[in-house]
Amino acid sequence: MSRSTEITFIRPDDWHLHVREGEALKSVVPDTAKRFARAIIMPNLAEPITTVKRAASYRDEILAAVPKGLKFEPLMVLYLTPQTTAKEIRKAAKSGFVKAVKWYPAGATTNSDKGVKDIADCYPILKVMEEVGLKFLVHGEVTDESTDIFDREAIFIERHMKKLALDFPDLKIVFEHITTEEAVHFVKSASSNVAATITPQHLLYNRNAILAGGLKPHYYCLPVLKREKHRLALVKAAVSGDPKFFLGTDSAPHAKGAKESSCGCAGIYSSHIAVELYAEVFEAEGCLKNLEKFASINGANFYGLPINKEMITLKSVSTAVPKEIKFGDHILVPLRAGGKVAWTLA
Ligand code: DOR
Ligand code: ZN
């Protein structure tokens, strides 16, 4: 069968994005704003976004970095800490621009040390979120060092996700950046209030990308890439059109030196070719017709937000991916650096 020469579909949203701050932020926001109408902005800055006031100024900083002529809406998230108050949650819901609260289990990933260890301590807060309709975004990995890193997500489901979904049936929960067949199965079998984001790297690569033929730090993210059988389960879920699964790049830029280090940071930068990469996945499965659901419809419906009105077009022309991208005063090495991507944004 011949390839479609182009596809036009509703402008997508990125339901999981890191843009950092300062000069670094200015370098990366345009890549997202060119492709996406909205993005859920992760709050794990060095000093996490824990108040509506800081979310408002962070939002302004992002808006100031959007190139002229582009329309882009940052959707803000509060970082859950043991000190988060019910008052702040109510204020967040009233603000209109804060859409969710993120749980980083303390120690799970970049800037998670101020996160929550025992979620039971936050049950009164989750109760308020359930009442006011703020979404609960979860980094789903257990943090005990004795647990094998490849098993941390599957164990988190048994220990926490199942209980959370039962204890808060009316709370909308996003299981972020799922990486395993266990997570696909859990999300599918849970109520319609449980959904998941899936990244391009977890759809396109397995753990060989990090570990085979030399150590490749630019493929290291958390949750870490898993075995091929898990990648296949994620692909099947994403391309199916099931409303529970939607696009969240988890594009997480780090300076080259911070990744190419004796203790390298977790995070993969993909905003420069994000939609194009997802199109590769859907094309390979013969499911391009479902890309719009995954990228532009399912997430908006889950969040209860309007579907975007504008359209975007991808052409089936391959383009070269730069080896490096400016990142404030540093550079970063993006996903597919020096390679090619099969689609080009028109
Ligand atoms: O790989 C990751 N990078 N996973 C996360 O959960 C956080 C992110 C970051 O902020 O760099
Ligand atoms: Zn993330």
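Where in α1 does the kink lie? A few notes on that and some other helices, bearing in mind that this is a predicted model.

1. **The kink in α1.** Look at V28: α1 has a kink of about 30° there. The proline P30 follows shortly after the kink.

2. **How covered is α1?** This helix is mostly covered, with ten of its 14 residues buried. V28 and P30 are both among the buried ones. The rest of the buried set is A24, L25, S27, V29, D31, T32, A33 and R35, so if you colour by accessibility, expect charged residues such as D31 and R35 to come up as buried too, each being under 20% relative accessible area.

3. **The length of α2.** I checked α2 (residues 52–64) against the expected rise. With 13 residues at 1.5 Å a residue, the helix should span 18 Å, and its end C-alpha atoms are indeed 18 Å apart, so the two agree.

4. **The two sides of α2.** V52, A55, Y58 and I62 are the buried residues here. Viewed down the helix axis, the buried residues of α2 fall within an arc of 115°, which means they line one face. K53 and A64, on the other side, are exposed.

5. **What α2 packs against.** The buried residues of α2 pack against three strands, β3 (38–41), β4 (73–79) and β5 (98–103), and against the helices α1 (22–35) and α3 (86–95). That ties this point back to the kinked helix α1.

6. **Salt bridges in α5.** The whole structure has 15 salt bridges, and helix α5 (residues 152–167) is a good place to look at a couple of them. E158 pairs with K162, their closest N and O atoms being 2.9 Å apart. These two residues sit four apart in α5, about one turn of the helix. E158 counts as exposed because its relative accessibility is 51%, while K162, at 37%, counts as partly exposed.

7. **A second pair in α5.** D167 and K163 also form a salt bridge, at 2.7 Å from N to O. They too are four residues apart in the helix, so about one helical turn separates them. Both are partly exposed: D167 has a relative accessibility of 30%, and K163 has a relative accessible area of 47%.

8. **A pair in α9.** Further along, the side chains of E228 and R231 meet in a salt bridge of 2.9 Å, N to O. The spacing is three residues in helix α9 (residues 228–239), again about one helical turn. E228 is partly exposed, at 32% relative accessibility. As for why such spacings work, an α-helix has 3.6 residues a turn, so residues three or four places apart point the same way.

Note on methods:
Residues numbered from 1 in each chain as written. Chains lettered and ligands numbered in written order. Predicted model: local features only at pLDDT ≥ 70, side-chain atom pairs only at ≥ 80, totals over all residues. Heavy atoms only, no water. Expected span 1.5 Å × (residues − 1). Buried < 20%, exposed > 50% of the residue type's maximum accessible area, 1.4 Å probe, protein only. Arc of directions from axis to C-beta. Contact = heavy atoms within 4.5 Å. Bend = angle between axes of the 7 residues up to and from the residue. Salt bridge = Lys/Arg side-chain N within 4 Å of Asp/Glu carboxyl O.
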